[in-house]
Amino acid sequence: MSKTAALTVQKWGNSLAVRIPAAVARSARFKVGQPVEISAEESNVIVRAIGTPKLTLAQKLAVFDPARHGGEAMPTVAIGNEVL
């Protein structure tokens, strides 16, 4: 189902910005971190998804499998002059 909203263009640094309302984002199935492509055709602006959202650090750690990736995410054994 199509959603629309009347918004105001705001200044954001040297650029202009419009927030995407939650109802419109849900209708477009946008997620936080979603890569999008934006284009302009005369006075029409089109925003479309171009891939899957990037995972947050918490999401990456949740799917990290030490057995598959060789144990610790970062070695804890001293390897050089760092031993005091």
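Read along the sequence, the protein chain follows the pattern β-β-α-β-β-α, which amounts to 2 helices and 4 strands. Helices (H or I, at least four residues) and strands (E, at least two) are DSSP runs, numbered from the N terminus. The model is predicted: local features need pLDDT of at least 70, side-chain atom pairs count only at pLDDT 80 or more, and totals for chains, interfaces and linings use all residues. Residues are numbered from 1 along each chain as its sequence is written, and side-chain values use heavy atoms, with hydrogens and water left out.

**Exercise 1.** Determine how β3 and β4 are paired.

*Solution.*
Step 1. Two strands pair if DSSP finds at least two bridges between them.
Step 2. Here 6 bridges join β3 to β4, and the two strands run antiparallel.
Step 3. One of the pairings sets Ala40 opposite Val45 of β4 as bridge partner.
Step 4. The hairpin of these strands has 2 residues between them, and Glu42 takes a positive phi near 55 degrees.

**Exercise 2.** Identify the side chains that meet in a salt bridge, and state which strands they tie together.

*Solution.*
Step 1. The criterion is a side-chain nitrogen of Lys or Arg within 4 Å of a carboxyl oxygen of Asp or Glu.
Step 2. A search of the whole structure finds 1 salt bridge.
Step 3. It is formed by Arg48 and Glu37, at 3.1 Å from N to O.
Step 4. Arg48 belongs to strand β4 (residues 44-49) and Glu37 to strand β3 (residues 36-41), so the pair ties together parts that are 11 residues apart in sequence.
Step 5. Arg48 has 44% relative accessibility and counts as partly exposed; Glu37, at 36%, also counts as partly exposed. Buried means under 20% relative accessible area, exposed over 50%, and partly exposed in between (1.4 Å probe, protein chains only).

**Exercise 3.** Classify Gln34 as buried or exposed, and list its contacts beyond its neighbours within four places in sequence.

*Solution.*
Step 1. Gln34 lies in the loop between α1 (22-28) and β3.
Step 2. Its relative accessibility is 14%, so Gln34 counts as buried.
Step 3. For comparison with the chain, 5% of the 84 residues count as buried.
Step 4. With contact meaning heavy atoms within 4.5 Å, and those neighbours left aside, Gln34 touches Arg29, Ala49, Ile50, Gly51, Thr52 and Pro53.
Step 5. Across the protein chain, among contacts between residues at least 6 apart in sequence, 6% join residues at least 24 apart.
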